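This report walks through one protein model. It takes domains first, then cysteines, a strand pair and salt bridges.

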Amino acid sequence: MWKLTSRFRPHINSNQWLIRHFSSGEATGLYGFEHLKTADGFQRFVADAIERSGELVSYISGMPSSPEIIKAMDEISNTVCCVVDSAELCRQTHPDREFVEAAHQAAIDMNDYLHQLNTNHTLYAAVRKAEQESNLLTEEASRTAHHLRMDFERGGIHLDPEKLDKVNNLTTNIFQLCSEFSQNIANYPGYVDIFPVSRIPRHLHHLLTPAFGAGLKGSKKSAHDWKQRGFHIPTDQRTLSSILQWTPDEEVRKKVYIKGNSVPHTNHSVLEKLIASRHELAQMMGCNSYADFMVETSLAKSPKVVTSFLQELSETVKPKADQEFIAIRDFKREKSGDKSAELEPWDETYYTSMMKSSVNDLDTSVVSSYFPLPQCIEGLKVLVESLFGATFHTLPMAPGESWHPDVIKMSLHHPDEGDLGYLYLDLYSRKGKYPGCASFAIKGGRKISDTEYQLPVLALVCNFSRPRDSSAVVKLNHSEVEVLFHEFGHALHSLLSRTEYQHFSGTRVALDLAEMPSNLFEYYAWDYRLLKRFARHYSTGETIPEKLVSSLQGARNMFAATDMQRQVFYALIDQKLFGEQPETSRNLSKLVAKLKREHSSWNHVEGTHWHIRFSHLLNYGAGYYSYIYAKCFASTIWQSVCEEDPLSLSTGTLLREKFFKHGGAKDPGELLEDLAGKEIISVHGECIVPATTCLLNELKL
């Protein structure tokens with residue numbers, strides 16, 4: 001029923017649920033929650049959340065006025081979400097195993113409690129009463145009542161007790177399978193031993209573990225050399241990407257690619273069980289497939305609309321993608337001296353990177369020298385001040401508030417409105433930490449009273465590598481700069497929203513709209529008008545040359561069709577796996593291989609099973625197409641709203657007033673049209689697809 005983020009009232013005193021933000025040295029708990037001074041505090045955090053929610057359930061049972069019902073329901077949502085969201089962030093980032101395990105158990109306990117709330121017929125009756133009396137509610141309250149009623153019904157409350165119990169068991173099983181899938185990726189990355197060390201570029205050595213192989217008997221070499229030195233290479237995503245991009249030795253790339261795309265084997269059965277459980281759940285809800293179940297509440301409404309959109313896009317980009325494939329193949333033949341060499345998947349990143357650098361005269365080490373991480377953070381500050389007239393201030397943290405010494409905390413402050421929210425930055429990689437980049441909710445915004453607003457609290461988590469020399473400046477390559485701005489877009493969506501209810505705070509929007517702000521803010525990472533204001537050489541202080549930025553922009557779209565083709569392929573797999581299921585079992589690897597042949601210019605490598613590491617199947621199951629929807633929306637908004645004057649207060653005011661401040665509190669189609677005009681979407685009955693013209697023109701497709 002309640003929307004939980006992460007990639008989630010009666011006038012009874014609820015101050016225990018407000019995060020405390022200290023400027024003194026007074027001790028507190030993790031994220032400012034008093035309960036979380038120790039790992040054991042998660043038990044009390046859960047217990048108090050359940051107790052507080054129970055009080056609110058009792059209050060709602062007395063059937064107060066409709067406005068009070070919605071306020072109380074939203075406070076239940078707020079109470080539950082702050083525990084679940086904090087537990088998720090802790091589970092993914094905390095270096096202390098005891099905290100991680102306690103957070104994991106808290107998530108399980110709250111998930112169990114959510115089942116009780118979602119099957120509470122008294123709450124359901126109260127929400128229906130509020131929806132029926134929508135004339136007594138504000139527009140946002142009425143929308144909240146409608147969505148809560150729908151969420152109850154999507155949880156199966158209308159089913160008989162036996163079926164409802166089955167739905168609850170399926171939901172728990174799905175949660176556990178998703179957790180197992182993620183843990184398997186983290187715990188079993190696969191390894192490849194490569195000898196000698198000279199086969200791996202020196203600048204990658206810090207990512208790898210030394211390995212030793214037996215030397216030749218009778219060798220006259222010294223005892224020191226009797227064992228040949230090599231590397232034990234993990235094929236986690238970060239290391240895999242680095243090896244594929246920078247290693248000239250094709251045999252090394254091939255071995256690492258195959259291993260990295262064939263583990264963890266245990267996820268074959270986990271994924272099959274997940275697909276089966278989701279399908280059974282959807283059918284119990286009266287849907288033909290899990291894709292039907294998921295997409296019906298989105299802009300697209302129907303998997304058929306999604307699939308048609310994706311297939312049409314696939315056909316549009318295929319001719320250009322085929323041309324790009326031939327160009328990369330010919331480049332490989334030229335560089336390798338083998339006129340009959342064929343292009344393989346492990347070649348793509350290596351040769352496309354080389355082609356981008358050579359055609360545009362780019363040196364990645366030169367580019368990164370203009371993006372020291374402190375300056376990139378300064379760039380985020382410049383951006384929000386230019387657009388929104390707001391400033392980020394670094395705040396001291398109370399003892400116990402932070403989870404690692406690297407973490408910094410900032411407040412977003414507006415001169416007229418005061419603090420708008422708080423943002424933790426946890427930007428460096430470390431062992432055991434969430435491997436990607438993401439924006440995690442800790443607290444959603446909501447109106448508490450006519451004079452008090454609960455400010456949103458977020459954590460922006462990345463995994464940027466430190467150099468071996470701990471005193472050296474951390475420098476980002478440009479793709480990392482783009483990722484930083486992407487996640488910052490998510491964070492701003494939450495920080496700038498001013499919804500009455502946290503149920504619609506920030507990113508709690510329709511699935512296929514959630515990625516639009518992050519895609520929109522990627523454009524700023526490429527725009528010289530912003531880059532010249534923060535991108536400075538780490539040693540000389542020289543502003544990044546405009547010519548260098550032009551070269552970056554030239555490289556950006558060199559393989560636009562290939563990149564888009566890949567995204568379409570991913571989205572079609574997602575739709576197919578969670579679409580209508582055949583009567584007999586199917587071989588998922590063969591299905592993936594078939595789709596790749598149909599929708600990609602590249603070969604499928606036998607023995608690889610890329611999909612068993614595709615974690616987006618968990619939180620974006622049947623919704624991965626949202627990334628392409630978002631790219632289309634963002635392109636249209638950039639060209640129609642931002643491009644002419646991207647750093648002006650007038651542009652920022654338009655973005656904030658027409659979009660950001662509303663979160664999910666307004667109809668998403670109306671939000672898009674209000675911001676960028678009717679041409680941003682195409683409406684087919686109740687189904688909405690994005691206009692692709694701006695994106696395809698931008699990518700020269």
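## Domains and annotation

The domain assignment splits the protein into domain 1 (30-158), domain 2 (189-215 + 226-261) and domain 3 (367-557). Domain 2 is written as two segments. The C-alpha centres of domain 1 and domain 2 lie 47 Å apart. The model is predicted.

UniProt, in an unreviewed entry, lists residues 246-679 as "domain: Peptidase M3A/M3B catalytic". That annotation may be inferred rather than shown by experiment. The span is 50% helix and 9% strand. Its end C-alpha atoms lie 42 Å apart.

## Cysteines

A search of the whole structure finds zero disulfides. Cys81 is one of the unpaired cysteines: the nearest cysteine sulfur, in Cys82, is 8.0 Å away. A disulfide needs the two sulfur atoms within 2.5 Å. Cys81 is buried, at a relative accessible area of 1%.

Cys694 has its closest cysteine sulfur in Cys632. The distance is 9.4 Å, which is too far for a bond.

## A buried strand and its partner

Strand β7 covers residues 438-443. Six of its six residues are buried, so the strand is largely enclosed by the rest of the structure.

Strand β10 (residues 457-464) runs antiparallel to β7, and five bridges join the two. One contact can be named: Phe440 has Ala459 of β10 as its bridge partner. In a regular strand, side chains alternate between the two faces of the sheet.

## Salt bridges across the sequence

The whole structure holds 33 salt bridges. One of them joins the side chains of Arg508 and Asp85, at 3.2 Å from N to O. Arg508 sits in the loop between α15 (478-496) and α16 (516-522), while Asp85 belongs to helix α2 (residues 66-93). The two are 423 residues apart in sequence, so the pair ties together distant parts of the chain. Both Arg508 and Asp85 are buried.

Arg656 and Glu417 form another salt bridge, with an N to O distance of 2.8 Å. This pair also links distant parts of the chain, 239 residues apart. Arg656 is in helix α23 (residues 649-658). Glu417 is in the loop between β5 (408-414) and β6 (418-428). Are the two partners buried or exposed? Arg656 is buried, with a relative accessible area of 9%. Glu417 counts as partly exposed, at 43%.

## A pair within one helix, and a network

Lys318 and Asp322 meet in a salt bridge at 2.8 Å, N to O. Both lie in helix α11 (residues 303-336). They are separated by about one helical turn, because they are four residues apart in that helix. Lys318 is partly exposed, with a relative accessible area of 34%. Asp322 is also partly exposed, at 26%.

Which residues are linked in a network of salt bridges? They are Glu250, Arg253, Lys332 and Asp347.

Technical notes:
Residues are numbered from 1 along each chain as its sequence is written. This is a predicted model: local features need pLDDT of at least 70, side-chain atom pairs count only at pLDDT 80 or more; totals for chains, interfaces and linings use all residues. Side-chain values use heavy atoms; hydrogens and water are left out. Buried means under 20% relative accessible area, exposed over 50%, partly exposed in between (1.4 Å probe, protein chains only). Domain bounds come from an automatic or database domain assignment. Two strands pair if DSSP finds at least two bridges between them. A salt bridge is a side-chain nitrogen of Lys or Arg within 4 Å of a carboxyl oxygen of Asp or Glu.
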